[in-house]
Amino acid sequence: MNKNLRIPVIAGNWKMNNGPAASAVLIEKLKPLTANAQCKIVCAVPFTSIPAALNAAQGSNIAVAAQNVHWEESGAYTGEISAQMLKELGVEYVVVGHSERRQFFGETDVTVQKRVRAALNGGLTVILCVGELLGERKSGITSQIVRTQTEIALAGVTAQELQRVIIAYEPVWAIGTGETATPEQANEVCAILREQLAVLYDKEAADATVIQYGGSMNDQNAVELLAQPDVDGGLIGGASLVAEKFAVIVKAAG
């Protein structure tokens with residue numbers, strides 16, 4: 001496994017924060033702070049803020065992501081957004097299967113797979129979230145859970161399409177709780193995910209896939225987490241809402 005094969009990706013998941021005006025302001029603050037980044041930078045903004053974020057990010061090294069996508073191109077799905085709609089706006093990335101979508105909005109492994117398929121068909125790059133609950137970790141079935149989530153989500157995804165998939169390991173017990181997996185715990189599960197990709201595809205595909213850690217990475221712990229051999233970046237929550245903190249994480253990935 002050669003970490004140098006992969007370019008780190010630091011993605012900020014803004015969740016339900018920052019309307020259009022605030023999104024533009026935050027990206028304008030980020031641009032000079034991250035101009036010399038040695039990693040890819042993505043900001044996942046609310047649907048209503050996508051045009052403003054894209055406009056603010058124009059000409060910079062910051063890409064814009066949506067936080068979800070529907071599995072159909074169009075139809076009677078009130079409140080939903082298709083991959084084609086996102087692509088038409090200029091969105092490059094989409095977050096799929098975030099634990100909050102699973103917890104609060106009924107996402108299942110099956111619907112996550114459908115969204116992954118739709119996003120890839122629509123020309124987007126997917127940030128696929130997987131992770132275990134606290135009870136599952138305590139029961140010693142973390143490996144089984146994340147392997148199963150990954151296998152189902154990637155059903156039908158070819159090795160070539162896998163090049164447009166980033167996997168984010170998000171231990172559910174460490175999201176929004178202030179708890180963080182130790183660097184060793186984070187790396188252990190990221191390595192398990194890479195092993196699973198080698199089973200589903202091959203070692204070359206596994207070694208080329210970016211695997212992020214997404215459980216409360218922040219400006220204080222990023223250096224240690226990103227130094228791990230199988231951690232290729234982060235899906236950042238709260239710390240991505242503060243330009244200076246997010247910039248520290250971006251620098252740590254360089």
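## Gln149 and its surroundings

Gln149 touches Arg102, Asp109, Val130 and Gly131, when residues up to four places away in sequence are not counted. The model in which these contacts appear is a predicted one, and within it Gln149 has its place in helix H7, which covers residues 142-153. With a relative accessibility of 9%, Gln149 counts as buried, because the limit for that class is under 20% relative accessible area.

A polar atom of the Gln149 side chain lies 2.8 Å from the backbone nitrogen of Gly131, and Gly131 is also one of the residues that Gln149 touches. Two further residues in that contact list, Arg102 and Asp109, are themselves joined, since their side chains meet in a salt bridge with an N to O distance of 2.8 Å. Of this pair, Arg102 counts as buried at 19% relative accessibility, whereas Asp109 counts as partly exposed at 23%; the two residues fall into separate classes because the boundary is set at 20%.

## Salt bridges across the chain

The model holds twelve salt bridges. One of them is formed by Glu100 and Lys15, whose closest N and O atoms are 2.8 Å apart. This pair links distant parts of the chain, with Glu100 in helix H4 (residues 99-105) and Lys15 in the loop between strand E1 (9-13) and helix H1 (20-33), so that 85 residues separate the partners in sequence. Glu100 is partly exposed, with a relative accessible area of 23%, and Lys15 is likewise partly exposed, with a relative accessible area of 23%.

Another salt bridge connects Glu161 with Arg117, and here the closest N and O atoms are 2.5 Å apart. Distant parts of the chain are linked by this pair too, with Glu161 in helix H8 (residues 159-162) and Arg117 in helix H5 (residues 109-121), 44 residues apart. Glu161, at 17% relative accessibility, counts as buried. Elsewhere, salt bridges that share partners join Arg6, Arg194, Asp230 and Asp232 into one network.

## Thr209 and the network residues

Thr209 is placed in the loop between helix H10 (203-208) and strand E7 (211-213), and with a relative accessible area of 4% it is buried. A polar atom of its side chain lies 2.8 Å from the backbone oxygen of Ala205.

Leaving aside neighbours within four places in sequence, Thr209 is in contact with Arg6, Leu162, Val165, Arg194, Leu197 and Asp232. Among these contacts are Arg6, Arg194 and Asp232, which belong to the salt-bridge network that also includes Asp230.

## Strand E4 between E3 and E5

In a regular strand the side chains alternate between the two faces of the sheet. Strand E4 (residues 93-96) is covered on both faces, with Tyr93 and Val95 buried on one side and Val94 and Val96 buried on the other.

Strand E3 (residues 62-66) pairs with E4 in the parallel sense over two bridges, and Ala66 stands opposite Val94 in E4. Between E3 and E4 the chain passes through helix H3 (residues 83-89), and this β-α-β crossover is right-handed. E4 is also joined to strand E5 (residues 125-130) by four bridges, and these strands run parallel; within E5, Leu128 is the bridge partner of Val96.

Methods
Residues are numbered from 1 along each chain as its sequence is written. This is a predicted model: local features need pLDDT of at least 70, side-chain atom pairs count only at pLDDT 80 or more; totals for chains, interfaces and linings use all residues. Side-chain values use heavy atoms; hydrogens and water are left out. A salt bridge is a side-chain nitrogen of Lys or Arg within 4 Å of a carboxyl oxygen of Asp or Glu. Buried means under 20% relative accessible area, exposed over 50%, partly exposed in between (1.4 Å probe, protein chains only). Two strands pair if DSSP finds at least two bridges between them. A crossover is right-handed if, with the strands pointing away from the viewer, the path from the first strand over the helix to the second runs clockwise. A polar contact is a pair of N or O atoms within 3.5 Å; within protein, one must be able to donate a hydrogen and the other to accept it, and residues adjacent in sequence count only if both atoms are side-chain atoms. Contact means heavy atoms within 4.5 Å.
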